[in-house]
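User: Could you take a close look at one part of this model for me? I would like to hear about the stretch that a database record picks out, and how the rest of the chain sits around that account.

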Amino acid sequence: MRRAGLGEGSSGNYVASGYSVYEEENEHLQEGLRAKVNALKSLSIDIGTEVKCQNKMLDEMDTDFDSTGGLLGATIGRVKQLSRGSQTKLLCYMLLFCFFVFFVLYWFIKLR
């Protein structure tokens with residue numbers, strides 16, 4: 001079975017122009033593919049930059065948490081040391097703190 005225009009006796013211009021259409025379509029598709037590859041490249045570079053920034057922030061947070069953990073450990077050590085002392089001493093501190101809070105609140109309400 002012969003296709004129209006491609007058999008013997010047909011002009012070569014029609015065949016060449018058919019290939020030209022395919023070549024133009026291929027070039028158009030190549031340009032589209034190039035644009036998509038460039039967009040993906042740009043996106044992957046942006047993702048890499050963001051990952052580096054986030055890793056840096058996580059490292060800083062890790063350092064902050066370590067220093068806070070040390071401070072909290074020291075505070076807990078002091079509370080344990082305070083609880084080892086006599087209970088009357090602890091009760092006295094709590095009573096003094098309650099009186100202090102009471103007087104501060106009384107003074108604040110009186111000034112209003």
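Analyst: Happy to help; here is the annotated stretch, followed by the rest of the chain.

Please keep in mind that this is a predicted model. The stretch you ask about comes from UniProt, where an unreviewed entry lists residues 90-109 as "transmembrane region". In the model, residues 90-109 are 100% helix and 0% strand, and the C-alpha atoms at the two ends of this stretch stand 29 Å apart.

What does the surface look like here? A nonpolar patch is made up of Leu95, Phe99, Phe102, Phe103 and Tyr106, and together these residues offer about 570 Å² of accessible area. One of them, Phe103, sits in helix α2, which covers residues 87-111. Phe103 counts as exposed because its relative accessible area is 51%, and the cut-off for that class is over 50%.

Now to the other helix. The protein chain has two helices and zero strands, and helix α1 takes in residues 12-84. Glu60 is found in helix α1 and belongs to a negative surface patch, along with Asp59, Asp62, Asp64 and Asp66. With a relative accessible area of 44%, Glu60 is partly exposed.

Helix α1 also holds a charged pair of interest, Glu31 and Arg34, which lie three residues apart, about one turn of the helix. In general, side chains of opposite charge can pair when their charged atoms come close. Here the side chains of Glu31 and Arg34 meet in a salt bridge, with 2.5 Å from N to O; the cut-off is 4 Å, so this pair qualifies. The count of salt bridges comes to one. Both partners are partly exposed: Glu31 has a relative accessible area of 47%, and Arg34 has 43%.

Finally, the whole chain gives a setting for these details. Of its 112 residues, 0% are buried. The accessible surface of the protein chain comes to about 10900 Å², and carbon and sulfur atoms account for 65% of that surface.

Notes. Residues numbered from 1 in each chain as written. Predicted model: local features only at pLDDT ≥ 70, side-chain atom pairs only at ≥ 80, totals over all residues. Heavy atoms only, no water. UniProt positions renumbered as here; feature names shortened; annotations may be inferred. Helix = DSSP H or I, 4+ residues; strand = E, 2+ residues; numbered from the N terminus. Buried < 20%, exposed > 50% of the residue type's maximum accessible area, 1.4 Å probe, protein only. Patch = residues over 30% accessible without salt bridge, like charges linked within 9 Å, V, L, I, M, F, W, Y side chains within 5 Å. Areas by Shrake-Rupley, 256 points an atom, 1.4 Å probe, with all protein chains shown as cover. Lys, Arg positive; Asp, Glu negative; His and termini not counted. Charge placed at Lys NZ, Arg CZ, Asp CG, Glu CD.
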